[in-house]
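Please open the structure in your viewer and keep the sequence panel visible. The tour below proceeds selection by selection.

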Amino acid sequence: AKKNGRNQFAFYFDELNIGTNRGLLIDHELRRAIKNKEFVLHYQPKIDLTTNTIIGFEALVRWYNETLGFVPPNDFIPYAEEVGLIIPLSEVIIEKACLGWLALERAGYGHIPIAINISSIHFHQPNFIESIQEILQRNNCSPRNFEIELTERTVMNNEKETIRRLIQLKQLGFKLSIDDFGTGYSSLSYLVQFPLNHLKIDRSFIQLIGSVNEKQAVVDAIIQMAHRLHMKVIAEGVEQKEQVELLRNMGCDMIQGYYYSKPLPLEEAIDYVEFWKLEIEG
Ligand code: C2E
Ligand code: CA
Ligand code: CA
Ligand code: CA
């Protein structure tokens, strides 16, 4: 795995200047941040087009560091994976997601599940299921209130063991979804062997559906085929009304993106649910 990650490492080497003073600083700050649980989660709503309701929130990690400023997850998550910090970081994230759901529940919205992004390295860790269960139990949370988002690449690895794990998670009550669909090299016929609830079509496909006919055809085909395989589809990164209408006409089940809302701090996410309820009730 180390060898495989080599090129990636070279990439982030540039990105984060590993080995330089700034690189050392990032390493030092990240370790400290994990110890102090210096991360917050923002929550982005997922909207069901059929019922016009909020059917979930995706938790997205945010790191603001006093010395480094705001560091985007696309920088520090891959870095944490490279240097062996992803598991403790992921455990902090899962714990924060529990606190997020408990706050939702206190506000009266405990029926809305929270989706957590799980890195491939964490998912394939032998004790992953025990560790996530333990964190939920410690925080008085149940798997039925959480969804796990895994990328195509994660499930393309170690097929037999992956199926075993997904079935076990499903039996515990977790919902499961495939993230960034279309960017890996898996096919729907491969994914159908997994007990998945949702398929999330990557933003790169959604971005151009209004202007490029081929993109529209691909998204349409994914939706139709997913439905025949009894999976629900979420379109990611939806920003424009025109995209919502196209997706609705194609029978897309759910929408996530700036069109409805950016990822929001916990308090604002709860306000958003309240606002949505008032809108619907008129
Ligand atoms: P992702 O899981 O595919 O998350 C979706 C990303 O798209 C998020 O970026 C979100 O803020 C952004 N996004 C949502 N709607 C729109 C839209 O309409 N337009 C545009 N342009 N962007 C939109 P973010 O939060 O920067 O996260 C980037 C990636 O970092 C995530 O991609 C995920 O791979 C990773 N990540 C974020 N949080 C976590 C986490 O808690 N754990 C793990 N393992 N990875 C995470
Ligand atoms: Ca995701
Ligand atoms: Ca995604
Ligand atoms: Ca992504």
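Donors are N, O and S atoms within 2.8 Å of the metal, or 3.2 Å for Na, K and Ca; water is not among the atoms, so sites may look incomplete. This is a predicted model, in which local features need pLDDT of at least 70 and side-chain atom pairs count only at pLDDT 80 or more, while totals for chains, interfaces and linings use all residues. Residues are numbered from 1 along each chain as its sequence is written, chains are lettered from A and ligands numbered from 1 in the order in which they are written, and side-chain values use heavy atoms, with hydrogens and water left out.

**First selection: a calcium site**

Select the calcium ion (ligand 3). Its coordination comes from D179 (OD), D180 (OD), E236 (OE) and E236 (OE), at 2.2 to 2.5 Å. Along the chain, the donors of this ion follow the spacing D-D-x55-E. Distant parts of the chain are linked here: D180 belongs to strand β6 (residues 175-181), and E236 lies in the loop between β8 (232-235) and α12 (241-249), 56 residues apart. Helices (H or I, at least four residues) and strands (E, at least two) are DSSP runs, numbered from the N terminus.

Now add the calcium ion (ligand 2), which is 3.9 Å from the calcium ion (ligand 3); D179 coordinates both.

Are D180 and E236 buried or exposed? Buried means under 20% relative accessible area, exposed over 50%, and partly exposed in between (1.4 Å probe, protein chains only). D180 has 26% relative accessibility and therefore counts as partly exposed, whereas E236, at 11%, counts as buried.

**Second selection: helices α2 and α3**

Select residues 21-35 (α2) and 73-82 (α3). The two helix axes come within 12 Å and cross at roughly 85°. Axes are lines fitted to C-alpha atoms, for helices over the stretch in contact, and angles run from 0 to 180 degrees between N-to-C directions. The helices are therefore roughly perpendicular to each other, a label for angles of 65 to 115 degrees.

Display the side chains: G23, I26, D27 and L30 of α2 meet F76, Y79 and A80 of α3. Contact means heavy atoms within 4.5 Å.

**Third selection: S131 and N158**

S131 sits in helix α6 (residues 128-138) and, at 11% relative accessibility, is buried. Leaving aside residues up to four places away in sequence, S131 touches E91 and H122.

Finally, select N158, in the loop between α7 (152-155) and α8 (159-172). N158 is partly exposed, with a relative accessible area of 46%. The C-alpha atoms of N158 and S142 are 27 Å apart, with their positions 16 residues apart along the chain.

Key:
Angles under 35 degrees count as roughly parallel, over 145 as roughly antiparallel, 65 to 115 as roughly perpendicular and the rest as oblique.
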